[in-house]
Amino acid sequence: MADDVYRMHLGRLEAEPVSPHVAAMLELPEPEQIVLLERLRFLRGEPLVVTTAYMPHSICAPILELDMSDRSLFETYEQELGLKLHRGTRAIEARAATAEVAHHLGVPEGSPVLAFSGVTYLEDGRPVEYFIGLHRGDRSRFETELFRPSGTDDSAAARAAHVAD
């Protein structure tokens with residue numbers, strides 16, 4: 001039943017040269033190669049989100065040999081590659097769907113989409129993934145729960161206070 005409700009379609013899985021923006025997000029030199037994974041996710045048969053993950057080729061090249069059509073990327077990092085994920089950053093912003101995104105999501109060009117982006121870091125501090133998820137604005141809802149940190153990490157407390165105020 002779960003497969004009928006939620007499924008993924010693999011769009012692209014390939015190595016390519018890193019763009020200046022992705023190089024900055026992944027802290028890579030520009031001549032570096034990246035692994036690009038693009039998938040379209042469906043909910044109850046309707047396209048919901050286009051996700052694109054950019055990963056350093058030097059760390060994630062084995063992913064190119066895997067069937068990523070229905071596999072968790074985080075589980076792949078940890079179980080297949082033996083990587084230890086530690087933290088991540090996330091941002092959400094509203095955008096208008098480009099012609100390509102509108103085609104994938106089955107909405108008119110210019111329709112609202114929610115762009116969910118971020119960087120995932122390994123335990124040693126290296127970025128392992130920069131991703132962008134473009135969610136249909138008419139079918140998506142995000143909820144968050146915030147905690148005020150305790151302890152002596154002043155920078156974390158300052159970030160949390162900024163969010164909580």
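**Group meeting: salt bridges, cores and serine 117**

Arginine 141 counts as exposed, at 68% relative accessibility. I start there, but please keep in mind that this is a predicted model.

The partner of arginine 141 is glutamate 143; their side chains meet in a salt bridge, 2.8 Å from N to O. Glutamate 143 is exposed as well, with a relative accessibility of 63%. Both residues get that label because the cut-off for exposed is over 50%, and the values are 68% for arginine 141 and 63% for glutamate 143.

How many salt bridges does a search of the whole structure find? The count is ten. Let me go through some others.

Glutamate 93 and arginine 95 form one, with 3.2 Å between the closest N and O atoms. Here the label changes to partly exposed, for arginine 95 at 37% and for glutamate 93 at 40%. Another joins arginine 71 to glutamate 80 through their side chains, at 3.3 Å from N to O. Glutamate 80 is partly exposed at 47% relative accessibility, and arginine 71 is partly exposed at 26%. Why is arginine 71 not called buried? Because buried requires a value under 20%, and arginine 71 has 26%.

There is also a network of salt bridges, which links Glu46, Arg136, Asp138 and Arg139. Two of those names tie into the next part. Glu46 is where strand β3 starts, and Arg136 is where β6 ends, the ranges being 46–56 and 127–136.

Now the overall layout. The protein has six helices and six strands. Read from the N terminus, the order is α-β-α-β-β-α-α-β-α-β-β-α. Of its 165 residues, 38% are buried. Among contacts with a separation of 6 or more, 55% are between residues 24 or more positions apart. The exposed surface comes to about 10,100 Å², and 51% of that is supplied by carbon and sulfur atoms.

On to the inside. The largest nonpolar core holds 23 residues, and the ones with the most contacts inside it are Val22, Leu26, Ile34, Tyr54, Leu105 and Tyr130. Helices α2 and α5 and strands β2, β3, β5 and β6 each supply at least two residues of this core. A second core, separate from that one, has 14 residues, among them Ala53, Ile63, Leu83 and Leu122.

Which residues does leucine 105 touch, leaving aside those up to four places away in sequence? The list is Leu40, Pro47, Leu48, Val49, Val50, Val113, Leu134, His135 and Arg136. Note Arg136 in that list; Arg136 also belongs to the salt-bridge network.

Last, serine 117. Serine 117 sits in strand β5, which covers residues 112–122. Is serine 117 buried or exposed? Serine 117 is buried, because its relative accessible area of 16% is under the 20% cut-off. Apart from residues up to four places away in sequence, serine 117 touches Thr89, Arg90, Ala91, Phe131 and Ile132. Isoleucine 132 is 15 residues from serine 117 along the chain, yet their C-alpha atoms are separated by 4.3 Å. Phe131 and Ile132, both contacts of serine 117, fall inside the range of β6, 127–136.

To recap the two ends of the talk: arginine 141 is exposed at 68%, and serine 117 is buried at 16%.

Methods
Residues numbered from 1 in each chain as written. Predicted model: local features only at pLDDT ≥ 70, side-chain atom pairs only at ≥ 80, totals over all residues. Heavy atoms only, no water. Helix = DSSP H or I, 4+ residues; strand = E, 2+ residues; numbered from the N terminus. Buried < 20%, exposed > 50% of the residue type's maximum accessible area, 1.4 Å probe, protein only. Contact = heavy atoms within 4.5 Å. Salt bridge = Lys/Arg side-chain N within 4 Å of Asp/Glu carboxyl O. Core = buried A, V, L, I, M, F, W, Y, C linked by side-chain atoms within 4.5 Å. Areas by Shrake-Rupley, 256 points an atom, 1.4 Å probe, with all protein chains shown as cover.
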